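Student: Could you take me through a close look at a single part of this model, the way its pieces meet one another? I would like one connected account with the criteria spelled out.

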Amino acid sequence: MNHFGFTINKDNTIDYDNNDRSLANEVLSHEPSLYRCIQCGSCAGTCTAGSFTDYNFRKMHLLMRRGEIQHLRLAVEKCILCGKCQLICPRGVNTRNVIRQIRIALDKMN
Amino acid sequence: MKETEKHILIVGAGPAGIEAAEHLSDLGYQISIVEKDEAIGGKLNNWHQLFPDHRPAKEVLSHLVNKLPKNVKFYLNSTVTKTIKEENLFNVEINGKTKIQCDSILLTVGFDVFDARIKEEYGYGIYDNVVTSADLEHIFNQNNKILTTQGKIPKKIAFINCVGSRDEKVGNLYCSSVCCVTGVKQAIEAKQMAPDAEVFMFYMDIRMYGRFYEDLYLEAQEKYHVQFIRGRLSEVAELQDGSLLLKADDTLAGCPIKVHADLVVLLIGFVPAASCNSLSKMLNIECAKDGFFAPCDVHIDRNSTGTEGIYMAGACTGPKNLEASLADARSAALKIHYHLVHGKATNLINELS
């Protein structure tokens, strides 16, 4: 086979139709307050872990909702469950239980 | 129009109350106004310039006040303490002593501004240079320039949207509707007064719902280079040099952001006037879940209460800008006129039942 010196990259687009959103649906069914999120970022702005790592609750959750779950396990382990995000959330999302439900759902998947 | 014996009591001498007084007086009614403060004009007294055209607030205020007929009777520093309805008349007690009788009551009690100290993480009342949008209008009025509490021209100014609005943690889920445009207006004025300053605005959504508001937004970006950061402010900390450190998630960049500022302006929202609650009990008027008076019908009868003869207008039925309050007042004036002319209430509840 000839090698032309390039490969085909994975499409950068979120493939919403084909992505697996079952994990997000499971988390949402256990913690429906997550439906209330308006992506204001108060959680990520106040996050202690987020100051030192690339952990970002807002973004992680959004990607999960879009079915982009490949980095979810690594991300969710960075949360120290301190609960500052829950204190600040203007929509009253139970963020700590979201983390817990993501961890449970990921364990079930494997 | 010929003067009638009919007497209308208006509660609250803000723009809505004054506007209704003028039109009802024009229609020939006797008007009394009860006002809790020592001056009329309400919150308009505290504004420096109005959106969207930076018109001096005093210009509109004096226009309103000058139109008021001389025979309007004012009860200043006063509140309604008791009301008894007999047949079609209301016996009203003012300040626990003065008794008057009227045929109809119009509530234009307006709103209170959100107490920013409740959002402790923003440091209002703790850090010197965290002020509210209402404070800033006062600063503009006093100095005609923008200054920090230490009297210096700020180099970095941050405006914070949705303080006390859209926030379950303070119990206010609603949008106060005018803070976005107030903030953009003030950001432009801040840049005009301190051209070298960097001006930021932290927001969740910019809601420029009114005519010419979007132009103001565009002007803030293009002409004044205001930097809009999409993220709700998480916290403010005061540093040793007195400057303020702001932390938020820059949601569009996808990572947290920190910015220093030497003046932070909290764009505070509306809350129901303190008298909303007491009047609702006294007059048997319903409040909606947001605490503001509930209109009889949100689309087609905004001025009637469930009680015949009592009407309402302005920001006591939810956040409104000045022109909406004035239009609402004129609409209520007409409603009262029909009620008094036809004798029978024309409000929707009666029509439907």
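Tutor: What follows is a look at the two domains of chain B and the surface between them, and then at the contact with chain A.

This is a predicted model, in which local features need pLDDT of at least 70 and side-chain atom pairs count only at pLDDT 80 or more, while totals for chains, interfaces and linings use all residues. Residues are numbered from 1 along each chain as its sequence is written, chains are lettered from A and ligands numbered from 1 in the order in which they are written, and side-chain values use heavy atoms, with hydrogens and water left out.

Chain B is divided into domain 1 (7-110 + 273-352) and domain 2 (116-269), with bounds that come from an automatic or database domain assignment. Taken over C-alpha atoms, the centres of these two domains of chain B are separated by 32 Å. Where they meet, 16 residues of domain 1 of chain B are in contact with 21 residues of domain 2 of chain B, contact meaning heavy atoms within 4.5 Å. The area buried between the two domains of chain B is about 1,400 Å², of which carbon and sulfur atoms give 59%; buried area is the accessible area (1.4 Å probe) that two parts lose on being put together, summed over both. On the side of domain 1 of chain B, H48(B), F51(B) and H54(B) lose the most area to domain 2 of chain B, together 41% of what that side buries.

Between domain 1 and domain 2 of chain B the count is 0 salt bridges, a salt bridge being a side-chain nitrogen of Lys or Arg within 4 Å of a carboxyl oxygen of Asp or Glu. Across that interface of chain B there are, however, 9 residue pairs in polar contact, both at pLDDT 80 or more (a pair of N or O atoms within 3.5 Å; within protein, one must be able to donate a hydrogen and the other to accept it, and residues adjacent in sequence count only if both atoms are side-chain atoms).

Turning to the other interface, the contact takes 22 residues from chain A and 19 residues from chain B. Chain A and chain B bury about 1,500 Å² between them, 39% of it on carbon and sulfur atoms. Across this interface of chain A and chain B the rule finds 3 salt bridges, and the side chains of K84(A) and E235(B) meet in a salt bridge at 3.8 Å, N to O. The count between chain A and chain B is 16 residue pairs in polar contact.
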